[in-house]
Amino acid sequence: MTIYFVRHGHTEWNGLGKIQGSVNTELSDIGVAQAHALANRLQKTANDLQVGAIYSSPQIRAFHTAEIIAKPLGLSVAPLPGVEEINFGLWEGCTWLELSEQYPTEFLEWTHHRRYYPAPNGESYQQVLERVIPVVSHLSKSHSENIMIVTHGGVMASLKCLIQQAPFEELEKFKVANTEVMPFSLEQLQLAKAYL
């Protein structure tokens, strides 16, 4: 069984370099076009992918992406609470440059200890993983066919970082593009659970 994680399409805040986190931003025209392009690619490879179900983060940008992907595959989308983007608390709506200027001490601490250090009023990546992995693990037990989960860049990057046992200070190496597809096997999911 393979679990295909997909990052949502482009948003206006992506274009402005703003941190979205828990903010319910919508797809931009670019993001809608990206989702349709991915849907076309997935439709052409549907026999190889053998995806039997599509789930999505309840956040609008992810759910809209999932709906576009699901339609040509003849599938519906089920919301999957627990796979939302990391909550960046007070930092949401800021650019990374603004963070370094407005929250210099907290930002420096987060930069060097980002797996366990949360943004003010937000989550750490460890907390994200502790909610995402159990939800996906439980979901995988109820399916024999491959599944697709439309989620967010922070979720996907932190999963990949954990599985590869890389320092979270190097999380940027695992940055995920809009509508990028990242397959995970059940074995990799078990590794992620073990590394928590």
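**Exercise 1. The two faces of strand E5**

Task: In this predicted model, determine which residues of E5 make up its covered face and which its uncovered one, and then find what stands opposite E5 in the neighbouring strand E1.

Solution. Begin with E5 itself, where Met182 and Phe184 form the covered face, whereas Val181, Pro183 and Ser185 form the uncovered one. Next consider the pairing, in which E1 and E5 are joined in the antiparallel sense over five bridges. Going through individual positions, threonine 2 stands opposite serine 185 of E5, isoleucine 3 stands opposite phenylalanine 184, and phenylalanine 5 stands opposite methionine 182. Taken with the assignment of faces, Phe184 and Met182 belong to the covered face, while Ser185 belongs to the uncovered one.

**Exercise 2. The sheet and the helices on it**

Task: Establish the order of the five strands in the open sheet, and state which strands are at its edges.

Solution. The order is E3-E2-E4-E1-E5, and the pairing is mixed. The edge strands are E3 (77-79) and E5 (181-185), each of which pairs on one side only. From one strand to the next, the twist averages 25°. The mixed character can be followed at E1, which runs antiparallel to E5 but parallel to E4, with five bridges joining E1 to E4. Within the E1 and E4 pair, the bridge partner of tyrosine 4 is methionine 148 in E4. As for burial, E1 is mostly covered, with five of its six residues buried. 

The second step adds the helices that pack on the sheet. Again starting from the antiparallel pairing of E1 and E5 over five bridges, helix H4 (residues 60-73) packs on the sheet and touches E1, E2, E3 and E4, its direction making about 160° with that of E2. H9 also packs on the sheet, touching E1 and E5, and its direction makes about 80° with that of E5.

**Exercise 3. Burial along helices H7 and H8**

Task: Work out where the buried residues of H7 lie around the helix axis, and how many of the residues of H8 are buried.

Solution. First take the geometry of H7 (residues 125-140), whose 16 residues reach 22 Å from the first C-alpha to the last, close to the 22 Å expected at 1.5 Å a residue. The buried residues of H7 are Tyr125, Gln126, Val128, Leu129, Val132, Ile133, Val136, Ser137, Leu139 and Ser140. They cover an arc of only 155° around the axis, which puts them on the same side of H7. What covers these residues includes strands E1 (2-7), E2 (51-56) and E4 (146-151), together with helices H6 (104-112), H8 (153-163) and H9 (186-195).

Now turn to H8, in which ten of the eleven residues are buried, so that H8 is largely enclosed by the rest of the structure. Among these buried residues are Gly153, Gly154, Met156, Leu159, Cys161 and Ile163. The buried residues of H8 pack against E1, H7, E4, E5 and H9. After H8 comes glutamine 165, whose phi is positive, near 55°.

**Exercise 4. Salt bridges and their surroundings**

Task: For the salt bridges of the structure, find how many there are and which parts of the chain arginine 131 and glutamate 84 tie together.

Solution. As a premise, side chains of opposite charge can pair when their charged atoms come close. A search of the whole structure finds four salt bridges. In one of them, arginine 131 pairs with glutamate 84, the closest N and O atoms being 3.8 Å apart, against a cut-off of 4 Å. Arginine 131 lies in helix H7 and glutamate 84 in the loop between E3 and helix H5 (96-102), so the pair ties together parts that are 47 residues apart in sequence. Glutamate 84 is partly exposed, at a relative accessible area of 22%.

Next, glutamate 172 and arginine 114 meet in a salt bridge of 2.8 Å, N to O. This pair links distant parts of the chain, since glutamate 172 is in the loop between H8 and E5 and arginine 114 in the loop between H6 and H7, 58 residues apart. Arginine 114 counts as buried, at 5% relative accessibility.

A further salt bridge joins glutamate 170 to lysine 173, with the closest N and O atoms 3.1 Å apart. Here glutamate 170 counts as partly exposed at 31% relative accessibility, whereas lysine 173 is exposed, with a relative accessible area of 63%. Finally, salt bridges that share partners join Glu84, Glu123 and Arg131 into one network.

Key
Residues numbered from 1 in each chain as written. Predicted model: local features only at pLDDT ≥ 70, side-chain atom pairs only at ≥ 80, totals over all residues. Heavy atoms only, no water. Helix = DSSP H or I, 4+ residues; strand = E, 2+ residues; numbered from the N terminus. Expected span 1.5 Å × (residues − 1). Buried < 20%, exposed > 50% of the residue type's maximum accessible area, 1.4 Å probe, protein only. Arc of directions from axis to C-beta. Contact = heavy atoms within 4.5 Å. Pairing = 2+ DSSP bridges. Axes fitted to C-alpha atoms, helices over the stretch in contact; angles between N-to-C directions. Salt bridge = Lys/Arg side-chain N within 4 Å of Asp/Glu carboxyl O.
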